[in-house]
Amino acid sequence: MTKRLKATKEALILSNKKVAEESERAKASDRMKTEFLQSMCHEIRTPLNAICGFSTLLLNEDLSREDKEEFPAIIEKNSNQLTELFEDILQVSDLSSSLELFPMERVDVLPVCVEILDACRDRSKNPAIAYVFESALDKCPVTTNVQYLQRVVEHLLSNAAKFTTTGIIRISLAVVEGKVRIAVSDTGIGIPAEKAEYIFDRFTKLDDFMPGTGLGLYSCRLIITRLGGSIYLDTSYHDGACFCIDLPGEA
């Protein structure tokens, strides 16, 4: 009887512990949902207010044509920001629904990286930033999904441009320990080493005053994982921030 009572007591303790853990997970999930809704409301309201406000001013006949010259560009900028926001949300929702690898094909990623960097250079409005491509390779064949890989590299370049006011934004391509490594580095404000994993969590932003949902790097990791690779912050780089993508090399 004593043994049975002891076993029952232990089972109850274990059961209570599991209930407490489930309760804590539920509370964490609720907090995350609340934070997500608050973040979305803020991120949506800011560009939407600008679009509505400047659209109304365009119709104001008391303002001269010269006063209204910059309004269309402001409306377009905020419309693009709103579109990117919804695209980020839809992309994360789609990526989170499955863990299967993407359809893959053999592709030379060297010209792909060059093309992406050239496009970012053409879009850049900051003459104080130089865009540089570095690689000792003549070609770099990888089995991957080029469309999704492009999304990740473009996002890393966009982030680099957002946090760099002067200096260099660089893509380097190399084979390291049998893996193809695409590194995107900048001479911007950098990221503390202790935040190296935190920045890949959902809804995380190191600067609340910068536009964004905090979903970009989270979705990048989802994509690279489904490409069979890994993405991480190189904490040994100290001139800014450097993100590395490691993909399985060709046998």
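## How α4 meets α5

In this predicted model, helices α4 and α5 cross with a right-handed sense. Helix α4 covers residues 109-123, and its axis comes within 10 Å of that of α5 at a crossing angle of roughly 40°. The two helices are therefore oblique to each other.

If you would like to find this contact on screen, look for Val 109, Val 112, Ile 116, Leu 117 and Cys 120 on the α4 side. Their partners in α5 are Val 146, Leu 149, Gln 150, Val 153, Glu 154 and Leu 157.

## How α5 meets α6

Helix α5, residues 146-162, also packs on α6, at an angle of about 150° and with 10 Å between the axes. Angles over 145 degrees count as roughly antiparallel, so that is the label for α5 and α6. The handedness of this crossing is left-handed.

From α5, the residues taking part are Tyr 148, Leu 149, Arg 151, Val 152, His 155, Leu 156 and Asn 159. They meet Gly 216, Leu 217, Cys 220, Ile 223 and Ile 224 of α6. Leu 149 is worth a second look: this residue of α5 appears in the contact with α4 and also in the contact with α6.

## Helix α3 and its neighbour α6

Helix α3 runs through residues 71-96, which makes 26 residues. From first C-alpha to last, α3 reaches 38 Å, close to the 38 Å expected at 1.5 Å a residue. Its buried residues are Phe 71, Ile 75, Asn 78, Leu 82, Leu 85, Gln 91, Val 92 and Leu 95.

The axes of α3 and α6 come within 10 Å and cross at roughly 35°, in a left-handed sense. Gln 91, Val 92, Asp 94, Leu 95 and Ser 96 of α3 meet Tyr 218, Ser 219, Leu 222, Ile 223 and Arg 226 of α6. Gln 91, Val 92 and Leu 95 are thus buried in α3 and also take part in the contact with α6.

Ile 89 belongs to α3 as well, and its relative accessibility of 23% makes it partly exposed. Beyond its sequence neighbours within four places, Ile 89 is in contact with Met 40 and Leu 215. Gly 167 is another matter: its C-alpha lies 32 Å from that of Ile 89, with their positions 78 residues apart along the chain.

## A mostly covered helix, α6

How many of the 11 residues of α6 are buried? The count is nine, so the helix is mostly covered. The buried residues are Gly 216, Leu 217, Tyr 218, Ser 219, Cys 220, Leu 222, Ile 223, Ile 224 and Arg 226. Their cover includes α3, α5 and two strands, β6 (230-233) and β7 (242-248).

Arg 226 sits within α6, which covers residues 216-226. With a relative accessible area of 11%, Arg 226 is buried. Setting aside neighbours within four places in sequence, Arg 226 touches Asp 94, Leu 95, Ser 98, Leu 99, Glu 100, Leu 101, Phe 102 and Met 104. Just after the helix, Gly 228 has a positive phi of about 85°.

## Phe 133 in strand β2

Strand β2 spans residues 129-135 and holds Phe 133. This side of the model gives a value of 25% relative accessible area for Phe 133, which is partly exposed. Phe 133 and Ile 171 are 38 residues apart in sequence, yet their C-alpha atoms are 4.9 Å apart.

Not counting residues up to four places away in sequence, Phe 133 touches Leu 110, Cys 113, Val 114, Leu 117, Ile 171 and Leu 173. Leu 117 links this picture back to the start, as one of the α4 residues that meet α5.

## A positive phi at Glu 177

Most residues other than glycine have a negative phi. Glu 177 is not a glycine, but its phi is positive, at about 55°. Where is Glu 177 placed? It lies in the loop between β4 (167-176) and β5 (179-186), and at 79% relative accessibility Glu 177 is exposed.

## Cysteines without disulfides

A search of the whole structure turns up zero disulfides. Cys 242 has Cys 244 as its nearest cysteine by sulfur position, at 4.2 Å, and is in no disulfide. A disulfide needs sulfur atoms within 2.5 Å, so the 4.2 Å between Cys 242 and Cys 244 does not qualify.

Are Cys 242 and Cys 52 buried or partly exposed? Cys 242 is buried, at 7% relative accessible area, whereas Cys 52 is partly exposed, at 45% relative accessibility.

Methods
Residues numbered from 1 in each chain as written. Predicted model: local features only at pLDDT ≥ 70, side-chain atom pairs only at ≥ 80, totals over all residues. Heavy atoms only, no water. Helix = DSSP H or I, 4+ residues; strand = E, 2+ residues; numbered from the N terminus. Expected span 1.5 Å × (residues − 1). Buried < 20%, exposed > 50% of the residue type's maximum accessible area, 1.4 Å probe, protein only. Contact = heavy atoms within 4.5 Å. Axes fitted to C-alpha atoms, helices over the stretch in contact; angles between N-to-C directions. Parallel < 35°, antiparallel > 145°, perpendicular 65-115°, else oblique. Left-handed = near helix turned anticlockwise from the far one by under 90°.
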